[in-house]
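The following exercises concern side-chain contacts in a protein model. Please examine the sequence and the structure before turning to the solutions.

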Amino acid sequence: LIHGAGSSAYSWNYISLWLDQPIQTIEYTVGQDHESIFDSIEYPEEIQTVIGHSYGGLLGAEWLSQDVRNVRGLITIASPWQGSPTARILNWFLSDPVWNDMKPGSEFLRRINNINLTIPLLNIVAVPDQGNELAGTGKSQNDGTIPVASALEVPAGYRNYKTVELPRTHSEILQCFNTVELIRQFANDPVQAVRPGVPWDMIAQ
């Protein structure tokens with residue numbers, strides 16, 4: 001489990017209570033070198049599912065692009081595949097590398113969007129009834145933190161994926177039992193879970 005930028009492993013407390021599998025949470029600080037984050041992963045050969053929230057989902061994809069090992073699938077939750085215009089604003093005031101990474105068209109996002117990943121991907125997107133104007137830079141739909149369009153636009157190199165939308169905000173989605181159920185079903189059989197016709201809509205209510 002890889003948390004989002006500026007968060008911590010505690011953000012996974014609710015979800016981890018409901019999962020039966022052994023869990024490893026990855027802690028990192030904003031701006032930490034990515035290779036040092038990946039070096040902190042224990043027993044990488046034993047990991048079967050990688051789950052990341054927001055920026056953590058992109059880190060998970062970057063790690064898997066180096067070597068999928070025995071990982072059967074990737075789950076991203078409210079991850080900004082195409083960045084966020086808000087990051088440009090924050091980068092004016094804050095020098096942290098994460099805001100530079102999240103600027104649309106950044107070098108980091110270009111790398112993420114050029115990855116070819118063949119293992120199944122479940123892309124869970126937060127789509128609340130109402131976001132906020134800053135996150136959406138005006139009236140564009142957002143989850144309170146990132147544009148919904150950015151989370152929906154999975155890179156072309158991720159050929160085996162399914163997107164499921166949940167009516168929650170960027171942070172609420174980690175406190176949602178529907179998210180737990182989606183994770184459970186995907187972890188049980190990632191290949192079957194992303195096949196066309198699987199009735200995810202029955203869960204995502």
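Three exercises with worked solutions follow; the model is predicted.

**Exercise 1.** Determine which residues are linked with Arg-111 in a network of salt bridges.

*Solution.*
Step 1. Side chains of opposite charge can pair when their charged atoms come close. The cut-off applied here is 4 Å between a side-chain nitrogen of Lys or Arg and a carboxyl oxygen of Asp or Glu, and by this rule the structure has 4 salt bridges.
Step 2. Glu-62 meets this criterion with Arg-111, their closest N and O atoms being 3.1 Å apart. Glu-62 belongs to helix α3 (residues 55–66) and Arg-111 to helix α6 (residues 107–113), so the pair ties together parts that are 49 residues apart in sequence.
Step 3. Glu-107 also forms a salt bridge with Arg-111, at 3.9 Å between the closest N and O atoms. Both residues lie in helix α6, and because they are 4 residues apart, about one helical turn separates them.
Step 4. The network therefore consists of Glu-62, Glu-107 and Arg-111.

**Exercise 2.** Classify each member of this network as buried, partly exposed or exposed.

*Solution.*
Step 1. The limits needed are under 20% relative accessible area for buried and over 50% for exposed, with partly exposed in between.
Step 2. Glu-62 has a relative accessibility of 10% and is therefore buried.
Step 3. Arg-111, at 39%, is partly exposed.
Step 4. Glu-107 reaches 55% and so counts as exposed.

**Exercise 3.** Describe the contacts of helix α8 (residues 177–188), beginning with Phe-177.

*Solution.*
Step 1. Phe-177 is located in helix α8. Its relative accessibility is 34%, so Phe-177 counts as partly exposed.
Step 2. A search of the whole structure yields 4 aromatic pairs. Phe-177 forms one aromatic cluster with Tyr-14 and Trp-18.
Step 3. Phe-177 also contributes to a nonpolar surface patch of about 320 Å², which is made together with Leu-17 and Trp-18. Trp-18 and Phe-177 thus appear in the aromatic cluster and in the nonpolar patch.
Step 4. Helix α8 also holds Glu-181 and Arg-184, which are 3 residues apart, about one turn of the helix. Their side chains meet in a salt bridge with an N to O distance of 2.7 Å.
Step 5. Arg-184 is partly exposed, with a relative accessible area of 29%. Glu-181 is likewise partly exposed, at 22%.

Terms used: Residues numbered from 1 in each chain as written. Predicted model: local features only at pLDDT ≥ 70, side-chain atom pairs only at ≥ 80, totals over all residues. Heavy atoms only, no water. Phe/Tyr/Trp six-rings, centres within 6.5 Å; stacked < 30°, edge-to-face > 60°. Patch = residues over 30% accessible without salt bridge, like charges linked within 9 Å, V, L, I, M, F, W, Y side chains within 5 Å. Areas by Shrake-Rupley, 256 points an atom, 1.4 Å probe, with all protein chains shown as cover. Helix = DSSP H or I, 4+ residues; strand = E, 2+ residues; numbered from the N terminus. Buried < 20%, exposed > 50% of the residue type's maximum accessible area, 1.4 Å probe, protein only.
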